[in-house]
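This report covers charged side-chain pairs, a buried helix residue and the cysteines. The structure is shown first.

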Amino acid sequence: MENASRCPSCAASLPPGKTPCPDCGSPLAGTLPIVVEPLRQEAAVAYGLLQSAGLHPVLAYYDGSGVPHPINPEETFLRAAGLMVPVTTSFAIYVPEGETEDSEEILKDARRDRPEAEAGD
């Protein structure tokens, strides 16, 4: 697992619990990725589950070099001045370091409750 003592956006060293990053301003500082999905819609489902549980998820996409960038889950996501999102773009949900165990448990329970028809998808 990644280290929450470094900003995932700029790799700056962070004091415990520091957010946003004092170097680049990223709200991902002090967070860890809890799930990575190939489709934004799948990441948005995980985001919604965690948010409805009272947690503080952050939706992000990975650029071509693997650097995460937070995005607003309520807004349309377009990269490269309105061009279509590349098929290789991955999306992730980051949560504060103290919420990782609860987040993992919530997402594990959600996967367990999926109907059998969807399990093979």
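## Salt bridge E105–K108

K108 is partly exposed, at 41% relative accessibility. In this predicted model, the side chain of K108 meets that of E105 in a salt bridge, with an N to O distance of 3.9 Å. The cut-off for such a pair is 4 Å between a side-chain nitrogen of Lys or Arg and a carboxyl oxygen of Asp or Glu, so the 3.9 Å of E105 and K108 satisfies it.

E105 is also partly exposed, with a relative accessible area of 38%. Both residues belong to helix α2, and because they are three residues apart there, about one helical turn separates E105 from K108.

## Salt bridge D109–R112

Side chains of opposite charge can pair when their charged atoms come close. A salt bridge links D109 to R112, and the closest N and O atoms of this pair are 2.8 Å apart. D109 and R112 are likewise three residues apart in helix α2, about one turn of the helix.

The two partners fall into separate accessibility classes: D109 is partly exposed, with a relative accessible area of 29%, whereas R112 is exposed at 54%. The count of salt bridges in the structure comes to two.

## S103 in helix α2

Helix α2 spans residues 100-112 and includes S103. S103 is buried, with a relative accessibility of 0%, in contrast to the partly exposed E105, at 38%.

Which residues does S103 touch, leaving aside those up to four places away in sequence? The contacts of S103 are with I34, L50, L55 and V95.

## Cysteines without disulfides

How many disulfides does a search of the whole structure find? The search returns zero. A disulfide is a covalent bond between the sulfur atoms of two cysteines. The cut-off applied to a pair of cysteine sulfur atoms is 2.5 Å.

For C7, the closest cysteine sulfur is that of C24, at 3.7 Å, which is too far for a bond. For C24, the closest cysteine sulfur is in C10, also at 3.7 Å and too far for a bond. Because both distances lie outside the 2.5 Å limit, neither the C7 and C24 pair nor the C24 and C10 pair counts as a disulfide.

Accessibility separates C7 from C24: C7 is buried at 3% relative accessibility, while C24 is partly exposed, with a relative accessible area of 40%.

Terms used: Residues numbered from 1 in each chain as written. Predicted model: local features only at pLDDT ≥ 70, side-chain atom pairs only at ≥ 80, totals over all residues. Heavy atoms only, no water. Buried < 20%, exposed > 50% of the residue type's maximum accessible area, 1.4 Å probe, protein only. Helix = DSSP H or I, 4+ residues; strand = E, 2+ residues; numbered from the N terminus. Contact = heavy atoms within 4.5 Å.
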